[in-house]
Amino acid sequence: MEWFFRWKLVVIEWLAQAGVPEEQRATIALALFASLVVVGLLLAGWLAVRLFRKPSRPPAAEETPEPPVVEQVVAERDATLGEPLTEPVREAVEADLAVSVAEIPKEASPAEEVPASSDVQAGPVAEESTLLAEVEVAPAPEEIVTAVVEEIAPVEVTVVPEPPVQVSLFDRMRVGLAKTQASLVGRIDALLSSSQSIDEDLLEELEEVLVSADFGMQTTMDLMQSLEKRIAVGQAADPQALRGLLKDEIRQRLRLEAAPLDFAGASPFVIMVVGVNGVGKTTTIGKLAHQFVSQGKKVLLGAGDTFRAAAAEQLTIWGERAGVEVIRQESGSDPAAVAFDAAKAAVARKVDVLILDTAGRLHTKVNLMEELKKIRRVLDREIPGAPHETLLVVDATTGQNALVQARLFQETVAVSGLALTKLDGTARGGMLVAIGNELGLPVRYVGMGEGLEDLRPFDPDLFVEALFEQQG
């Protein structure tokens with residue numbers, strides 16, 4: 001049944017990309033599979049009916065013997081002369097033809113001349129035989145093609161592969177931020193270019209643009225207050241200079257001090273990944289595993305999301321792509337038990353990194369959030385100090401709801417870093433600034449696509465430069 005789970009997983013991912021609510025994806029996938037089975041059965045029944053009702057072929061008709069050659073030739077002579085031969089002449093012709101036919105070899109070609117023994121026969125028959133003998137049989141098209149191919153010497157063609165196009169990280173970031181840039185920087189540039197001076201109306205419209213780009217009210221107010229202070233001291237004399245000030249203020253709020261992941265400080269280094277359903281936790285784990293393996297590290301995955309349908313199978317597929325092993329249990333098992341098995345296996349196999357997936361928790365459900373605390377206790381008991389990194393995955397398309405999730409998860413499980421997914425599919429990139437400004441959480445990774453290489457370490461300077469790049 002592995003093929004069924006793989007098929008179901010592909011359909012669920014397709015439905016997720018199409019925007020279908022998560023609670024309906026599994027039902028729709030099963031309904032689609034049932035429909036395909038019914039269509040297949042109907043098609044098989046229709047083919048069976050057609051085969052059974054196919055009429056039998058009628059028996060081949062008996063071959064009618066050809067008329068004797070003598071009678072056929074005599075009939076042709078009658079037609080040639082325009083009137084039937086007289087009885088004595090007919091008898092003579094028949095006798096002469098019988099002798100001539102008997103003397104012709106059985107393997108003679110139709111084009112060979114038939115000897116004539118009477119004046120009546122020497123007319124049309126002799127002319128027809130002469131014409132047939134003079135006609136040359138043209139070679140078949142296949143023979144001509146074969147002869148031409150044999151005469152042409154084979155030519156060796158060397159195909160030079162085109163070098164792969166190298167796309168820089170800056171270009172990938174710029175393309176991924178296209179929607180945010182259009183909704184934020186594009187509107188800011190249009191506003192500043194249409195203004196003659198920095199006045200109260202300009203600042204109010206700028207504030208409205210920031211709020212609509214999901215910077216949030218608190219972050220927007222902080223930005224506007226900082227801009228007004230810098231304007232008051234003469235750092236911006238015209239609207240175009242205001243653009244540079246805003247760019248600098250955003251950069252400062254994203255430039256948070258985040259210690260790099262210290263894999264040498266713990267063995268194994270445990271990363272616990274949390275987040276609500278549908279934000280891309282499993283996909284992020286697969287991409288992280290691929291990155292760590294590319295760095296020469298031995299990685300182990302733990303399928304702790306035991307409640308979501310096909311979650312363990314999805315993580316297994318990502319593990320196969322990255323070339324790492326996955327520790328899993330039956331669906332519906334205790335997530336803490338999976339964490340225990342994964343920790344034991346990581347220590348016994350001396351892996352460098354253990355990445356543990358967890359069940360998607362609604363941040364509004366207290367009892368579900370308490371289970372995350374239990375998992376942390378189990379990990380710390382088996383591997384002192386674990387988890388060494390608690391990575392919260394948030395969906396950039398959710399806007400301000402991502403800020404609410406980050407705040408509550410930080411209070412429950414002490415989140416130490418963020419992975420922001422689907423940044424290429426939203427115009428709400430301002431929420432990244434809001435999270436950094438209000439919670440002080442560093443953004444470690446940003447996801448801008450579905451490929452293994454599309455999860456990138458976050459660089460605030462590169463992010464701001466790509467966001468504010470001048471177009472045209």
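Is M369 buried or exposed, and what is its relative accessible area? M369 is buried, with a relative accessible area of 4%, in this predicted model, and the legends below take that residue and several other sites in turn.

**Figure 1. Overview of the predicted chain.** The secondary structure of the chain comprises 19 helices and 8 strands. Of the 472 residues in the chain, 39% are buried, and the chain exposes about 26800 Å², of which carbon and sulfur atoms supply 56%. Among contacts in the chain with a separation of 6 or more, 74% are between residues 24 or more positions apart.

**Figure 2. Close-up of M369 in helix α16.** M369 belongs to helix α16, which covers residues 366-382, and its relative accessible area of 4% places M369 among the buried residues, because buried means under 20%. The C-alpha atom of M369 is separated by 9.9 Å from that of A359, a residue 10 positions away along the chain.

**Figure 3. Close-up of T358 in strand β4.** T358 is part of strand β4, residues 353-358, and counts as buried at 1% relative accessibility. A polar atom of the T358 side chain lies 2.6 Å from the backbone oxygen of V273. When neighbours within four places in sequence are left aside, the residues in contact with T358 are M272, V273, V274, K281, G304, D305, L372 and I375, so that V273 appears both in this set and in the pair of atoms at 2.6 Å.

**Figure 4. Packing of helix α11 against helix α18.** Helix α11 (residues 217-232) and helix α18 (residues 430-439) pack at an angle of about 80°, and their axes are 9 Å apart. The two helices are therefore roughly perpendicular to each other, since angles of 65 to 115 degrees are classed in this way. On the α11 side the contact is made by Q218, T219 and D222, and on the α18 side by V433, A434, N437 and E438; these contact residues divide into 2 nonpolar, 3 polar and 2 charged.

**Figure 5. Close-up of K247 and of the segment after α19.** K247 is placed in helix α12, residues 239-254, and counts as buried at 18% relative accessibility. Not counting residues up to four places away in sequence, K247 touches V464, E465 and F468. E469 is located in the segment after α19 (460-467) and is partly exposed, with a relative accessible area of 26%. The C-alpha atoms of E469 and V185 are separated by 8.7 Å, although these residues are 284 residues apart along the chain.

**Figure 6. Two cis peptide bonds, at P268 and P387.** Most peptide bonds are trans. The bond that joins S267 and P268 is cis, with omega at about 0°, and P268 lies in the loop between α12 and β1 (269-274). The peptide bond from A386 to P387 is also cis, with omega near -5°, and P387 lies in the loop between α16 and β5 (389-395).

**Figure 7. Positive phi values at K350 and A414.** Most residues other than glycine have a negative phi. K350, which is not a glycine, has a positive phi of about 55°; this residue is found in the loop between α15 (335-349) and β4 and counts as exposed at 69% relative accessibility. For A414, phi is near 55°, again a positive value in a residue other than glycine. A414 is found in the loop between α17 (400-413) and β6 (417-421) and is partly exposed, with a relative accessible area of 48%.

Terms used: Residues numbered from 1 in each chain as written. Predicted model: local features only at pLDDT ≥ 70, side-chain atom pairs only at ≥ 80, totals over all residues. Heavy atoms only, no water. Axes fitted to C-alpha atoms, helices over the stretch in contact; angles between N-to-C directions. Helix = DSSP H or I, 4+ residues; strand = E, 2+ residues; numbered from the N terminus. Parallel < 35°, antiparallel > 145°, perpendicular 65-115°, else oblique. Contact = heavy atoms within 4.5 Å. Nonpolar A, V, L, I, M, F, W, Y, C, P; charged D, E, K, R; others polar. Buried < 20%, exposed > 50% of the residue type's maximum accessible area, 1.4 Å probe, protein only. Areas by Shrake-Rupley, 256 points an atom, 1.4 Å probe, with all protein chains shown as cover. Polar contact = N/O pair within 3.5 Å; in protein donor to acceptor, adjacent residues only side chain to side chain.
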